[in-house]
Amino acid sequence: MDKNPTFFSRSAPQPLAARLRPQTLDEIVGQRKLLGEGRVLRRLVEMDAVSSMIFWGPPGVGKTTLANVIATQTKSKFIEFSAVTSGIKEIRDVMREADANRAYGARTIVFVDEIHRFNKAQQDAFLPFVEKGAIILIGATTENPSFEVNGALLSRCKVFVLEPLSSSEIEELLARAVISPKGLGAMKAEVEDGVLAMIANFSNGDARAALTTLEMAALNAEPLESGGVRVTREIVEQCVSRKSLLYDKNGEEHYNLISALHKSMRNSDADASVYWLARMLEAGEDPLYVARRVVRFASEDVGMADPRALQIAIAAYQACHYLGMPECNVHLTEAVVYMALAPKSNALYMAYGAARKDALEQIADPVPLHIRNGVTNLMREVGYGKGYQYAHDLDEKIADMECMPDSLVGREYYRPTSEGFEKNYGERYRQIKAWREETRRRADRTGRNDRTENDRDARR
């Protein structure tokens with residue numbers, strides 16, 4: 001042993017997240033839907049009946065940890081591959097070794113982190129060994145395995161979806177870390193009230209990120225005369241380069257802020273809209289959630305007053321999907337400002353609400369025969385499609401036939417406003433209705449005249 005170790009020969013201390021890595025299923029925080037008592041994945045592990053599987057979920061939710069625990073509790077040899085550094089030759093060498101070990105009753109679990117980064121040839125190298133049971137493959141991915149894992153390999157694996165940890169679950173994990181001898185116990189860390197909740201909210205469901213933030217804050221914390229350290233809100237803000245924002249993505253404040261954004265856009269207040277958007281994004285809100293609400297707003301509150309609003313909202317959603325935070329903040333800002341300044345109409349929202357009420361109350365009304373599709377001889381014989389008028393064959397491109405069920409003839413749901421483009425659509429809507437009414441009046445007069453003439457003929 002080297003009695004005079006150099007700086008480079010000393011092993012660096014493990015990060016807090018590595019030191020606290022759970023060793024049993026009971027130590028794992030979160031994923032109760034999979035690991036709670038009686039749940040499917042827990043039963044498979046406890047029965048020692050695991051098969052090849054894919055863990056799909058965002059970073060820091062415990063995919064690698066769970067694979068390690070499964071290997072430990074099933075007494076299997078555990079081999080970990082990196083999609084970045086492992087080539088096909090290395091994969092095949094390990095597979096052959098696992099195949100040989102199987103002859104002696106040894107089971108091998110091969111864990112592939114970021115399996116979506118393996119190309120098709122690398123994924124195919126696992127396939128024959130998975131098929132014959134030489135290995136149990138556990139893949140981890142942050143991407144949808146339906147698109148990123150070969151179909152043949154995916155069909156031989158059970159996919160388990162791991163969810164982001166809730167703020168309360170991460171707070172529980174941080175509280176353990178503060179007192180654990182493997183965590184910050186030796187530092188005698190005191191943590192200011194509310195700081196663990198603050199870190200949990202900042203972490204956005206990522207346990208590893210939360211533990212890293214806590215460790216960084218503790219290492220930079222104020223020393224105490226007692227020999228410990230005190231972790232304050234100010235220290236955490238410095239470590240994460242963020243201002244502390246009151247926000248609970250699963251609680252009342254979440255709904256308060258999205259309500260504030262929606263109502264500011266509805267009130268055409270672009271500045272307030274941008275402010276509430278920033279409040280949400282900087283507190284860690286999922287930009288796709290905000291984008292979905294903007295898409296809804298585009299039709300609910302702008303609608304036909306500016307049909308382009310929906311296109312802008314969809315484009316912003318796609319930009320958020322492609323780029324993520326922080327790059328997509330400008331795209332959401334563009335969409336929010338557009339919605340705020342666009343002319344407003346809730347006519348579509350009101351129209352559907354009125355139609356929904358009638359649909360529920362008049363649910364048994366049959367579809368008129370003339371607008372049913374007569375696809376068989378029997379259907380045509382009983383009148384399906386009889387009297388249907390194909391609008392494209394008519395000069396006006398409009399037919400005067402009735403499309404409402406009998407009990408709702410004359411009912412109006414869409415009431416266009418005079419805002420923006422809807423003024424033009426409203427004029428078109430009224431012209432069509434006026435044309436139909438006049439056409440039907442003429443038809444009624446013609447019918448009455450024909451009946452009168454027939455009566456005269458009969459009297460003669």
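**Helices, rings and a few odd spots**

Okay, let's start right at a helix contact: Leu196, Ile199 and Ser203 of H10 meet Ala210, Thr213 and Leu214 of H11. If you sort the residues of that H10 and H11 contact, you get 4 nonpolar, 2 polar and no charged. Before I go on, please keep in mind that what you have in front of you is a predicted model.

So how do those helices sit? The axes of H10 and H11, which is residues 207–219, come within 8 Å and cross at roughly 135°. That makes the two oblique to each other. As for the hand, the crossing of H10 past H11 is right-handed.

In case you're wondering about the choice of numbers here, two packed helices are described by the angle between their axes and the distance between the axes.

Now stay on H10, residues 195–203, and look towards H9, residues 167–179. At what angle do the axes of H9 and H10 cross? Roughly 125°, and again they come within 8 Å. An angle between 115 and 145 degrees falls in the oblique class, so H9 and H10 are oblique to each other. This crossing is right-handed.

Who makes the contact? From H9 you have Ser167, Ile170, Glu171, Leu174, Ala175 and Val178. From H10 it's Leu196, Ala197, Ile199, Ala200, Asn201 and Ser203. Between H9 and H10, the contact residues split into 8 nonpolar, 3 polar and 1 charged. You may have spotted some names from the start: Leu196, Ile199 and Ser203 of H10 also meet residues of H11.

Let's zoom out for a second. The protein has 20 helices and 8 strands. Of its 460 residues, 38% are buried. And here's one for the fold people: take the contacts in the protein with a separation of 6 or more, and 72% of them are between residues 24 or more positions apart.

On to the rings. How many aromatic pairs are there? The count comes to 5. I'll show you two of them.

One is Phe55 with Phe160, which is a tilted pair, with 6.4 Å from centre to centre and 55° between the planes. This one links distant parts of the chain: Phe55 is in strand S1, residues 53–56, while Phe160 is in strand S5, residues 158–161, so to say 105 residues apart. Both Phe55 and Phe160 are buried.

The other is Phe78 with Phe111, and that pair is stacked, at 6.1 Å centre to centre and 20° between the planes. Phe78 belongs to strand S2, residues 77–82, and Phe111 to strand S3, residues 108–113, so the pair ties together parts that are 33 residues apart in sequence. Buried or exposed, then? Phe111 has 0% relative accessibility, so that one counts as buried. Phe78 has a relative accessible area of 23%, and since the buried class stops at 20%, Phe78 is partly exposed.

Now for some backbone oddities. Most residues other than glycine have a negative phi, and most peptide bonds are trans.

Against that background, look at Glu114: not a glycine, yet its phi is positive, about 55°. You'll find Glu114 in the loop between S3 and helix H6, which covers 120–131. Glu114 is partly exposed, with a relative accessible area of 29%.

Ser268 also has a positive phi, near 60°, and is not a glycine either. Its place is the loop between helix H13, 252–266, and helix H14, 270–282. With a relative accessible area of 37%, Ser268 is partly exposed.

Then which peptide bond is cis? The one from Met325 to Pro326, with omega near 5°. Pro326 lies in the loop between helix H16, 308–323, and H17.

A little further along, Asn329 is in helix H17, residues 329–341. Asn329 is partly exposed, at 29% relative accessible area. From Asn329 to Ala319 you go 10 residues in sequence, and 9.5 Å in space, C-alpha to C-alpha.

Last stop, Gln31. Gln31 sits in the loop between helix H1, 16–19, and helix H2, 32–35. At 9% relative accessibility, Gln31 counts as buried. Leaving out residues up to four places away in sequence, Gln31 touches Gly36, Val61, Leu162, Glu163 and Leu165.

Definitions and conventions. Residues are numbered from 1 along each chain as its sequence is written. This is a predicted model: local features need pLDDT of at least 70, side-chain atom pairs count only at pLDDT 80 or more; totals for chains, interfaces and linings use all residues. Side-chain values use heavy atoms; hydrogens and water are left out. Axes are lines fitted to C-alpha atoms, for helices over the stretch in contact, and angles run from 0 to 180 degrees between N-to-C directions. Helices (H or I, at least four residues) and strands (E, at least two) are DSSP runs, numbered from the N terminus. Angles under 35 degrees count as roughly parallel, over 145 as roughly antiparallel, 65 to 115 as roughly perpendicular and the rest as oblique. A crossing is left-handed if the near helix is turned anticlockwise from the far one by less than a right angle, and right-handed if clockwise. Contact means heavy atoms within 4.5 Å. Ala, Val, Leu, Ile, Met, Phe, Trp, Tyr, Cys and Pro count as nonpolar, Asp, Glu, Lys and Arg as charged, and the others, Gly among them, as polar. Rings of Phe, Tyr and Trp (its six-membered ring) pair if their centres lie within 6.5 Å; planes under 30 degrees apart count as stacked, over 60 as edge-to-face and the rest as tilted. Buried means under 20% relative accessible area, exposed over 50%, partly exposed in between (1.4 Å probe, protein chains only).
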